[in-house]
Amino acid sequence: MAAVPALLLGVPLCALLWRLPWSNLGAALSSDAATSALALSLVTSLIATALCVVFGLPLAWALASGRGTTTRVVRALCLLPIVLPPVVGGVALLLAFGRQGIVGQWLADVGVQLPFTTAGVVLAQTFVALPFFVLSVEAALRQLDVEYADVAIVHGASPFRAFVSVTLPSVGPAVLAGAVLAWARALGEFGATVTFAGSLEGRTQTLPLAVYDLLERDPADAVVLSAVLVVVAVAVLVGLRDRWFGVFRSDVSS
Amino acid sequence: MLVAGMFIAGGCGGAESARVDILAASSYTDVAEPLEALLEEELGLDVEFSFGSSGSFLEQIRQGAPAAVVITADSATMQRMSDAGLVDSVVSIATNELVIVAADTAAGRGIESVTDLGSSDVLVVLCASSAPCGAATDALLGGIDLDVDAASREPNVRATLTKVRLGEADAAIVYRTDALASPELRAVPIARVDNVQVISQAAAVVGREDAARVLEVFTEPAAMAILAKAGFGSP
């Protein structure tokens, strides 16, 4: 019985690598569409990851230390992008940050445009990736013995100092794991990006969007770009093999 | 267990009453309902339309999409499927042409002709070159030697239209039928000499039952009337 789901997951990935057109691998990877999508994906996903860390850390900290209804509501909000279809996230982003959106119309007045821009891609990626980072770090923070930080404060450290020199080092691995998860999620983002930022080579057409577009023009090249994403995914799993289970086990017990 | 259940459910499809799936270009979105009703009435079959970019159909059919009939937005896409031996009995059922749709925005209201799309003040979205509407758009812009700095090349004509309907883009180039389906947008015609006409074709997917009967209905006056009402031209 376990073989069926294992095959379901394994066979498509093997098929992708099996059908890889080895002879024109170089040509497919060096085409304009591929190189600009690779570069764009790399840059946007790394910026999105940085934003996740910068904004996610305080949020995770607040969620881990909060107890009340507000905390629970905020946590539910933070989890929502994980369960939402990304395309719905894209629609929501348009309604918020689009030119006619509730925030977007103010942004437009001061000359800031997010849809159809690379910044829009980063925003969409951050939207879908942030929950993964927050969840990982919050779980680790909850497991942490708060007494250590309290002791530091009692001995004269400021709460900020206690956070930086006591708390942060002990949740460092969870921060790293969360960042890698968020990065992988940002790299693979499709639905929210195509809905909110559109698709234009060199500006908003990231790797997954390029795969979708190439599938209609040149399926062999689409397979090559897909394989790039598979290789990245495998690398992430190998890199996280110890942390992966730790993150989610602590998540369950909290 | 769940997976096994899905396989079993999938295998039961054959026992139902005859169902015909039609894979249609996204420009057919608004005529599907009356066409479906007509086909069901005339043939006594359960007809289901599904939509996408014509450019994606070749791969879908090659991979065994259950469609009996496929309708493309242009003849070039159908030719590729025909060359690949995937379809036969190709019949031209309608024509379409390009038109500009402009949103009720400051820049959108100023658009009078296709050359206005070349202005950097106008936020323009176009179909991706891999979709027939994008190929036709490329031919149009190439023909009049106009450079349009598109903000996005959307996967199909409906996605392109949607960006203007949402007011996120000032203008787009779509099919005349799409403009007619969105009365809230202002349609700006493109001069006949510059415009690109596409011939929409239907064909039978090789080896599928009932396809011939469906194709026959498409050439009848009743079907032509539905298409004409939506703004399609007669081939």
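This dialogue works through chain B of a predicted model, from its contacts down to single residues.

Reader: Which elements give two or more residues to the side of chain B that touches chain A?

Author: A contact of this kind is best read first by its count and then by its elements. The contact takes 19 residues from chain B and 19 residues from chain A, and on the side of chain B the elements that give two or more residues are helix 1 (2-11), helix 3 (54-62) and strand 6 (152-154). By class, that side of chain B divides into 8 nonpolar, 6 polar and 5 charged residues.

Reader: How many residues does the contact take from domain 1 of chain B and from domain 2 of chain B?

Author: Here the bounds come before the contact. Chain B is divided into domain 1 (2-95 + 198-229) and domain 2 (97-189), and the C-alpha centres of these two domains of chain B lie 27 Å apart. The contact between them takes 15 residues from domain 1 of chain B and 14 residues from domain 2 of chain B. On the side of domain 1, helix 3 and helix 4 (75-83) of chain B are the elements that give two or more residues, and that side has 4 nonpolar, 9 polar and 2 charged residues.

Reader: What span should helix 6 of chain B have, and which of its residues are buried?

Author: An α-helix has 3.6 residues a turn, so residues three or four places apart point the same way. In the present case, the 12 residues of helix 6 (residues 132-143) of chain B should span 16 Å at 1.5 Å a residue, which agrees with the 16 Å between its end C-alpha atoms. The buried residues of helix 6 of chain B are Pro132(B), Cys133(B), Gly134(B), Ala135(B), Ala136(B), Thr137(B), Leu140(B) and Leu141(B). Just after helix 6 of chain B, Asp145(B) takes a positive phi of about 55°.

Reader: Where are Ser89(B) and Asp210(B) found, and are they buried or partly exposed?

Author: The backbone angle, the element and the neighbour count can be read together for each residue. Ser89(B), a residue other than glycine, has a positive phi near 55°, and its place is in strand 4 (residues 87-102) of chain B. Ser89(B) counts as partly exposed because it has 15 C-beta neighbours inside 10 Å, whereas a buried residue would need 20 or more. Asp210(B), also a residue other than glycine, has a positive phi near 65° and is found in the loop between strand 9 (197-205) and helix 9 (211-218) of chain B. With 17 other C-beta atoms within 10 Å, Asp210(B) is partly exposed.

Key. Residues are numbered from 1 along each chain as its sequence is written. Chains are lettered from A and ligands numbered from 1 in the order in which they are written. This is a predicted model: local features need pLDDT of at least 70, side-chain atom pairs count only at pLDDT 80 or more; totals for chains, interfaces and linings use all residues. Two residues are in contact if their C-beta atoms, placed from the backbone, lie within 7 Å. Helices (H or I, at least four residues) and strands (E, at least two) are DSSP runs, numbered from the N terminus. Ala, Val, Leu, Ile, Met, Phe, Trp, Tyr, Cys and Pro count as nonpolar, Asp, Glu, Lys and Arg as charged, and the others, Gly among them, as polar. Domain bounds come from an automatic or database domain assignment. The expected span of a helix is 1.5 Å times one less than its number of residues. A residue is buried if 20 or more other C-beta atoms lie within 10 Å of its own, exposed if 12 or fewer, and partly exposed in between; C-beta atoms are placed from the backbone.
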